[in-house]
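Okay everyone, thanks for coming. Have a look at the screen, and I'll talk you through what I pulled out of this one.

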Amino acid sequence: MSERTHLSAALNEFWLAWTFLTRLPALGKIQYSPEALNRSARFFPWVGLVLGLLQALAYSLTLSLFSNVWLAALFSVLSVVLLTGAFHEDGFADYCDSFGGQDRASRLKIMTDSRLGTFGVSGLFFVLALRVALIAALETELVLIVIVLTAGLSRWAAISLMLKTPYAKTEGKSKPLAESIDPPALLLAAAPLLPLLLFMELAMILALIVILALFIVGFSAQLRQRLGGFTGDALGAAQQISELLVYSCILAVSV
């Protein structure tokens with residue numbers, strides 16, 4: 001396969017990931033295949049970076065209009081929820097609802113139910129509130145780059161779960177885009193994030209590595225124990241939790 005063909009295939013996979021994660025149309029023609037759809041997971045963090053840029057833009061515009069960091073944080077979170085159709089938030093809420101199940105089968109069944117329960121509503125409220133509060137608390141000179149980095153890094157953390165965690169076979173809307181990922185794909189997924197780390201202090205970078213590594217290992221073990229593996233909803237939950245962890249980690253180190 002020629003270099004041009006490789007580039008064309010990669011671009012096609014990016015637009016597949018784009019249309020899967022957002023409600024925005026692709027700017028290029030998409031050629032669908034199950035194989036391309038599976039490979040497109042490696043571009044989730046790339047899509048996340050674009051969403052992060054749009055979220056940072058919403059933050060800047062709101063701050064310039066109202067000079068209030070709380071309103072800027074609120075509208076930045078609202079913007080990405082609208083752009084993605086609350087895609088990850090929906091997965092997080094369904095995952096929270098699974099705590100009402102008594103065994104693996106009932107938990108998986110609950111996660112495929114389109115209705116939200118008490119756990120889901122409560123979890124969704126707190127995850128959104130915490131995101132707004134953490135963004136509002138960030139230092140002004142860091143906030144825009146942190147928003148962009150977090151959007152990409154949290155999605156990288158989510159897909160990294162597919163490296164060692166088995167897929168919990170289930171039917172319904174919670175079926176993920178891909179069922180596994182390999183190390184080269186994870187490296188490609190992380191590539192655009194590395195330049196952003198140059199804006200971070202060494203202590204922040206080390207803290208992020210430790211916190212996310214512990215989360216990935218711990219969350220993977222929890223998924224194996226509770227569900228027998230990961231689902232699409234679990235990946236959405238991982239992205240939301242990772243986002244909170246990245247914001248919290250950077251905020252704690254920068255204080």
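Let's start with Cys96, which is buried: its relative accessible area is 11%, and the cut-off for buried is under 20%. Keep in mind, by the way, that this is a predicted model. Cys249 falls in the buried class too, because its relative accessible area is 9% and the limit is under 20%.

So how many disulfides does the count come to? Zero.

Okay, stepping back to the whole chain. Buried residues make up 49% of its 255 residues. On the outside, the accessible surface is about 12,400 Å², and carbon and sulfur atoms hold 69% of that.

What about secondary structure? If you follow the chain from the N terminus, you go α-α-α-α-α-α-α-α-α-α-α. That's 11 helices and zero strands.

Now, overall shape. The C-alpha trace spans about 50 × 50 × 35 Å along its principal axes. The radius of gyration is 18 Å, and that agrees with a compact globule, because a globule of 255 residues would come out near 18 Å.

Then contacts. Take those with a separation of 6 or more: 77% of them are between residues 24 or more positions apart.

Last thing, charges. There are 17 positive side chains and 17 negative ones. And how far apart do the centres of the two sets lie? They're 7 Å apart.

That's my tour, so over to you.

How values were computed:
Residues numbered from 1 in each chain as written. Predicted model: local features only at pLDDT ≥ 70, side-chain atom pairs only at ≥ 80, totals over all residues. Heavy atoms only, no water. Helix = DSSP H or I, 4+ residues; strand = E, 2+ residues; numbered from the N terminus. Rg over C-alpha atoms; globule rule 2.2 N^0.38 Å. Buried < 20%, exposed > 50% of the residue type's maximum accessible area, 1.4 Å probe, protein only. Contact = heavy atoms within 4.5 Å. Areas by Shrake-Rupley, 256 points an atom, 1.4 Å probe, with all protein chains shown as cover. Lys, Arg positive; Asp, Glu negative; His and termini not counted. Charge placed at Lys NZ, Arg CZ, Asp CG, Glu CD. Disulfide = S-S within 2.5 Å.
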